[in-house]
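The exercises below ask you to work from a structure to a set of stated contacts, areas and accessibilities. Each task is followed by a solution that goes step by step.

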Amino acid sequence: MKILSVVGARPQFVKLSPVAHALEAAGHEHVIVHTGQHYDAALSDVFFSDLGIRPPDLNLHVGSGSHAEQTGAMLPGLERAMLEHRPDWVLVYGDTNSTVAAALAAVKIHQPVAHLEAGLRSFNRRMPEEHNRVMTDHAADLLLAPTAVAVEHLRSEGLGERTVHVGDVMADVLYRVRDAGLAHGPVPLARGVGAGDYLVATIHRAENTDDAGRLSAIVDALAGLSRPVLLLAHPRLRDRAAAAGIALDAGAITVLEPQPYPRLVDLVARSAGVVTDSGGLQKEAFLLRVPCTTLRHETEWVETVELGWNVLDGDLTDVAAHAQRPTPPATDAAPYGRGDAAVRVVEALTGALRS
Ligand code: UD1
């Protein structure tokens, strides 16, 4: 079997890692195409090297732009790569502009396409990720769902027959990295910050960064916390804060660069909690059993909330109390699987080819 994976943004490199390993272990041919949506080394190259993924076979170098510019710029190069390689499956990941561009390019040339992380919904139609997910799911031939809730969403949209519940490959990679100690020893903390006594924060979603009033309220809430806050600053956050004249290194906040994945896992594992708007980090906090506060009105990862490990505070009403709440009751629930999702992805791809 020949698979052509399309990736472009940071969380997709993380998801690619266990899939690439599982494809290789099963002896399948794998072509990796990078759209170039993320181009900074800290958001891209370091993930390939740290997570043991060989460099992409092709990089389209599309870079930044408006949604239309970025998505449109990807289409011709993706189509050419698909026509050149004619894989059995184009595999697209998650919910970024790279995902929807690849699904569109594939379906137009009758190229079978599978969507990994299908069926997630926030039901917030203002999020670019929500458009990307819905359109990708309806274009794809095979829907690889990470959770039982995602399967239900797909069924209710009439897509049940194309759906396979495989689990979440982000659990696979997290367990592997945690168990291998790939951070090469504990990450040194900022001066005056002790293990177990700090919070890890990330903010990058357009809905939080692109409105200066909202961004300023979020920074004030983080700055006012009584524990040190390590803010891992995505380029979008730095850009928008600078443009709005908002200083990020205020009060309790120490600003750090975005971290390579193994260092992020180490930092979160030793933290007292996470404050974020990232989907991946909500789950990583849960899997590492660290309380999470999510600065959004909704989440795709509802299991983390139902199990008590994640609290949504989209209105920023009580970030301090949420972020400093005690650890919830222990649970051995595994809504994201037990670390074998990538093997099940490969089985689902192979099985759907035969049928
Ligand atoms: C994208 C995804 C989002 C995902 C996130 C992970 C879309 C619509 N959004 O958001 O779902 O959670 O990636 O990080 O696809 N920039 C750089 N260097 C880079 C990449 C971007 O400086 O390597 C800057 C751009 O100039 C721009 C901003 O970051 O100002 C936004 O980048 P973009 O890739 O469009 O979206 P993200 O916010 O990263």
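## Exercise 1: A shared acidic partner

Arg240 counts as partly exposed, at 29% relative accessibility. The model under study is a predicted one.

Task: Establish with which residue Arg240 forms a salt bridge, and which parts of the chain the pair ties together.

Solution. Begin with the distance: Arg240 forms a salt bridge with Asp210, and the closest N and O atoms are 3.1 Å apart, which falls inside the 4 Å cut-off because a salt bridge requires a side-chain nitrogen of Lys or Arg within 4 Å of a carboxyl oxygen of Asp or Glu. Next, place the partners: Arg240 belongs to helix 10 and Asp210 to the loop between helix 8 and helix 9, so the pair ties together parts that are 30 residues apart in sequence. Then look for a further partner of Asp210, whose side chain also meets that of Arg236 in a salt bridge of 3.0 Å, N to O. Arg236 is likewise in helix 10 (residues 235–244), while Asp210 sits between helix 8 (206–209) and helix 9 (212–223), which puts Arg236 and Asp210 26 residues apart. Finally, compare accessibility with the class limits: Asp210 has 41% relative accessibility and Arg236 has 25%, so both count as partly exposed, since that class runs between 20% and 50%.

## Exercise 2: A salt bridge and its surroundings

Task: Decide whether Glu117 is buried or exposed, and do the same for Lys15.

Solution. First identify the link, a salt bridge between Glu117 and Lys15 in which the closest N and O atoms are 3.2 Å apart. The two residues come from distant parts of the chain, for Glu117 is in the loop between strand 5 (113–116) and helix 5, whereas Lys15 is in helix 1, 102 residues apart. With a relative accessible area of 9%, Glu117 is buried, and Lys15, at 5%, counts as buried too, because the class requires a value under 20%. For the wider setting, the count of salt bridges comes to 21.

## Exercise 3: Where two domains meet

Task: Describe the contact between domain 1 and domain 2, beginning with how many residues it takes from each domain.

Solution. Start from the division of the chain into domain 1 (2–168 + 337–354) and domain 2 (185–323). The contact draws 21 residues from domain 1 and 17 residues from domain 2, and the C-alpha centres of the two domains lie 26 Å apart. The area buried between them is about 1,600 Å², with 62% of it given by carbon and sulfur atoms. Turning to polar features, there are three salt bridges between the domains, and four residue pairs are in polar contact across the interface. On the side of domain 1 that touches domain 2, the elements giving two or more residues are helix 1 (10–25), helix 2 (45–50) and helix 5; helix 2 provides the largest share, three residues. By class, that side has nine nonpolar, four polar and eight charged residues.

## Exercise 4: Locating Asp141

Task: State where Asp141 is placed and which residues it is in contact with beyond its neighbours within four places in sequence.

Solution. Asp141 is placed in the loop between helix 5 (128–139) and strand 6 (142–145), and its relative accessible area of 39% makes it partly exposed. Once neighbours within four places in sequence are set aside, Asp141 is in contact with Trp89, Gln111, Pro112, Val113 and Arg162.

Note on methods. Residues numbered from 1 in each chain as written. Predicted model: local features only at pLDDT ≥ 70, side-chain atom pairs only at ≥ 80, totals over all residues. Heavy atoms only, no water. Helix = DSSP H or I, 4+ residues; strand = E, 2+ residues; numbered from the N terminus. Buried < 20%, exposed > 50% of the residue type's maximum accessible area, 1.4 Å probe, protein only. Contact = heavy atoms within 4.5 Å. Domains from an automatic or database assignment. Buried area = accessible area lost by both parts, 1.4 Å probe. Polar contact = N/O pair within 3.5 Å; in protein donor to acceptor, adjacent residues only side chain to side chain. Nonpolar A, V, L, I, M, F, W, Y, C, P; charged D, E, K, R; others polar.
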